[in-house]
Number of protein chains: 2
Amino acid sequence: MHPMAVKKKQGSSKEPIILITNDDSIHAPGIRALVEAARGLGKIVVVAPDKPQSGMGHAITIGNPLRLHKMQLFEDVESYSCSGTPVDCVKLAVDKILHRKPDICLSGINHGANHSINVIYSGTMSAALEASIESIPSIGFSLLDLSIEADFTAATHYARLLVEQMLKKPIAEPHLCLNVNIPKGELASIKGIKICRQAYAKYDEEFDERKDPNGRRYYWLTGVFVNFDKGKDTDVWALKHNYVSVVPVQFDLTNMPLKKKLEKLFA
Amino acid sequence: MHPMAVKKKQGSSKEPIILITNDDSIHAPGIRALVEAARGLGKIVVVAPDKPQSGMGHAITIGNPLRLHKMQLFEDVESYSCSGTPVDCVKLAVDKILHRKPDICLSGINHGANHSINVIYSGTMSAALEASIESIPSIGFSLLDLSIEADFTAATHYARLLVEQMLKKPIAEPHLCLNVNIPKGELASIKGIKICRQAYAKYDEEFDERKDPNGRRYYWLTGVFVNFDKGKDTDVWALKHNYVSVVPVQFDLTNMPLKKKLEKLFA
């Protein structure tokens, strides 16, 4: 093992350290809901983007320096805004704020769904995935309600349930990362948790073409969401049937069945 | 199937359409090398970012409109610069330039490695992965040489070999995406192609902390690359031993073994 690799210790203190981030920015109601969900379960530290970063995927800032700004957003919770992406927030938090790995990293609660292909565009889920690369157990939470006035009651309930469970009975996995989506609606209407796989559902893009006052064309990304996956074990199915979907996700993108096929072709 | 889903036809004309993009920008030497590699194999259309987009991952532009600008970079090749990310380039190319799916999407040749965890930060590979989501076969190419004066001879040779093979004998896969890395050095020194899996190798981050002229702190991302994976079937191993590494990659991030484990825990 490279000597640098053991420098940042895994969490081990008695009070767990809970790192919270998101992609909707530190000013979003969803991050407050997540802080409330985790309150009392450990020492919470918030490090989140200073502006909306939806759709940033796993982007990192390499050509520009980053800034951190201490905030007084929560009375009793240390919090910082960061000028970079959600993934930058996780990297900076570990190296420059916590000076160690947190015991868990929570991301969200996102305003809007991150099921199916959304996982790959989502800054919320990329932050969680980044933590798991560093062997920090992580959960990304998303509520199927884009509204700034969304009701986070049910999402907060399930977030607390899952965080509590993961802290009390840690799952022995080197790179644990969960993509949790919560249906819109009242807590009583939700049927429970379903472990799922990522549906093959995507956007059929339609760029809205316009002309600026100088007659030059520009394009707005718009799209229609289409589910091609009829499986009943998918996140899209679960959410449609009012379950909280939980998809374990990984950063190893190797397509193993295709690898075997190619090995034969290139032999 | 949703009626929108069949709107954009899969490639079927006699001359294949080859879409070329990258993340180093349309002005990078690597994209010229890729155009040379594909020359004569079909109708080439280049749609690439107007500025460097390294480390942009799977980011998309959702809060701002996009611009396309017709370029005269290549005498006989239609080319456009795009104000967005590499993934935006693929989406815009299909919807607004080609008005159909290309027969293949090539991304690169990247200046610098995209093996192991780099695949997830890489704009080059995210563009290729985006194509595969749309069922467009795709290959991302990266040369292990960051220099602007890098010698692309060997990379061009292997790129042509693989593109030719994929166009002549298409592999029956709904979402084919290959991550191809080429070692630095002369063509004669390369031992051939190796089909690999993604190594677990990552960066140990060290932010370089500085103070600006006003005394305020800022941070530059730096890091040491560490390979934790001792497998001989990985891309890092293959490249170290002077093979061209080919890793088939997928956008389904579901961790299936962990899904089974969680199903038991949550039963």
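Here are three short exercises with worked solutions on a predicted model with chains A and B.

**Exercise 1. The setting of a helix**

Task: Work out why helix α4 of chain B counts as largely enclosed by the rest of the structure.

Solution:
- Start with the cut-off: a residue is buried if 20 or more other C-beta atoms lie within 10 Å of its own.
- Next, go along residues 123-133 of chain B: 11 of the 11 are buried, so the helix is largely enclosed by the rest of the structure. Among them are Gly123(B), Met125(B), Glu130(B) and Ile133(B).
- Finally, look just past the end of α4(B), where Ser135(B) has a positive phi of about 65°.

**Exercise 2. The contact between the chains**

Task: Describe the side of chain B that touches chain A, and find how the two copies are related.

Solution:
- Count the residues first: chain B gives 61 and chain A gives 61.
- Then assign chain B's share to elements: those giving two or more residues include α2 (86-98), α4, β9 (201-211), β10 (217-227) and α7 (256-265).
- Sort this side by class, and you get 35 nonpolar, 12 polar and 14 charged residues.
- Now superpose the copies: a turn of 180° with a shift of 0.0 Å along the axis lays chain B on chain A with an RMSD of 0.0 Å. That is the relation of a two-fold axis.
- As a check, 100% of the contact residues of chain B recur in chain A, and the same surface serves both copies.

**Exercise 3. Inside the core**

Task: Find which residues Ile20(B) contacts, leaving aside neighbours within four places in sequence.

Solution:
- Begin with the largest nonpolar core, which has 164 residues; Ile20(B), Leu34(B) and Leu106(B) are among those with the most contacts inside it.
- Then list the partners of Ile20(B): Ile31(B), Leu34(B), Val35(B), Ala38(B), Ile44(B), Val46(B) and Leu106(B).

Conventions:
Residues numbered from 1 in each chain as written. Chains lettered and ligands numbered in written order. Predicted model: local features only at pLDDT ≥ 70, side-chain atom pairs only at ≥ 80, totals over all residues. Buried ≥ 20, exposed ≤ 12 C-beta atoms within 10 Å, placed from the backbone. Helix = DSSP H or I, 4+ residues; strand = E, 2+ residues; numbered from the N terminus. Contact = placed C-beta atoms within 7 Å. Nonpolar A, V, L, I, M, F, W, Y, C, P; charged D, E, K, R; others polar. Least-squares fit on C-alpha atoms with pLDDT ≥ 70 in both. Core = buried A, V, L, I, M, F, W, Y, C linked by C-beta atoms within 7 Å.
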